[in-house]
Amino acid sequence: MTSEVKQFDVEKYKIKEGNQTYTVKVNDDEFDVVIKPISWQVKNELIANCMKFDPQGNSSFDSGSYIKEVLKAIIIEAPWGKTTDAFLKSINTDLGAALEKLVPSAFDASFQEIDVIKKG
């Protein structure tokens, strides 16, 4: 009985080049924003940059900085133009909460779908 070895298709695991348009709803307003996909590496770099360590070696995660940096990295088209620190500091909680929904969770990963077997 011969079993056919399935070729690994790395293309299935690369981020898609195409940007996505999302309609954001804030109270009675709706507008579109264009988001570019974020790669695993960029997400990890942003997470690492948002980690803080005290002299005792304790760590904490600055979720506010993570959200801000991800929004600046992923939003490529929006009614307000470029997403900057100044823009994000100027908006109210209604718009901020709506934009926050576009940000991927920092630590959510679906490991249950990954099967790793050590060989040899």
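A crossing of two helices is right-handed if the near helix is turned clockwise from the far one by less than a right angle, and left-handed if anticlockwise. By that convention, α1 passes α2 in a right-handed crossing. The contact between them draws on K43, L46 and I47 from α1, and on Y66, E69 and V70 from α2. Keep in mind throughout that this is a predicted model.

**The overall layout**

The protein chain has four helices and five strands, and going along the sequence you meet them as β-β-α-β-β-α-β-α-α. Of its 120 residues, 22% count as buried. If you look at contacts in the chain with a separation of 6 or more, 49% of them come from residues 24 or more positions apart.

**The sheet**

Three of the strands make an open sheet, ordered β1-β2-β5 and paired antiparallel. Its edges are β1 (20-26) and β5 (75-77), each of which pairs on one side only. From one strand to the next, the twist averages 50°. As a reminder, strands of a sheet pair through backbone hydrogen bonds, either parallel or antiparallel.

β1 and β2 (residues 29-35) are joined by seven bridges, while two bridges connect β2 to β5. Here are some residues that face each other across the strands:

| Residue | Stands opposite | Strand of the opposite residue |
|---|---|---|
| K25 | E30 | β2 |
| V26 | D29 | β2 |
| V34 | E77 | β5 |

**The turn at N27**

β1 and β2 form a hairpin with two residues between them. One residue to check there is N27, which is found in the loop between β1 and β2. Phi of N27 is near 55°, a positive value in a residue other than glycine. Is N27 buried or exposed? With 63% relative accessibility, N27 counts as exposed, because the cut-off for that label is over 50%.

**Helix α2 and what surrounds it**

Now for α2 (residues 63-74), which lies across β2 and β5 and runs at about 35° to β5. Another helix, α4 (residues 93-100), also packs on the sheet, where α4 touches β1, β2 and β5. The direction of α4 makes about 145° with that of β1.

How far apart should the ends of α2 be, at 1.5 Å a residue? The expected span is 1.5 Å times one less than the number of residues, so the 12 residues of α2 should span 16 Å. The end C-alpha atoms of α2 are indeed 16 Å apart, which agrees.

At the start of α2, D62 has a side-chain oxygen that reaches to within 3.3 Å of the backbone nitrogen of G64. Further along, which residues of α2 are buried? They are S65, Y66, V70, L71 and I74. These buried residues have plenty to pack against: β2, α1 (40-49), β4 (59-61), β5, α3 (85-90) and α4.

**Back to the α1/α2 pair**

Two packed helices are described by the angle between their axes and the distance between the axes. For α1 and α2, the angle is about 145° and the axes are 9 Å apart. Two residues from the α2 side of this contact, Y66 and V70, are also among the buried residues of α2.

Methods. Residues numbered from 1 in each chain as written. Predicted model: local features only at pLDDT ≥ 70, side-chain atom pairs only at ≥ 80, totals over all residues. Heavy atoms only, no water. Pairing = 2+ DSSP bridges. Axes fitted to C-alpha atoms, helices over the stretch in contact; angles between N-to-C directions. Contact = heavy atoms within 4.5 Å. Buried < 20%, exposed > 50% of the residue type's maximum accessible area, 1.4 Å probe, protein only. Polar contact = N/O pair within 3.5 Å; in protein donor to acceptor, adjacent residues only side chain to side chain.
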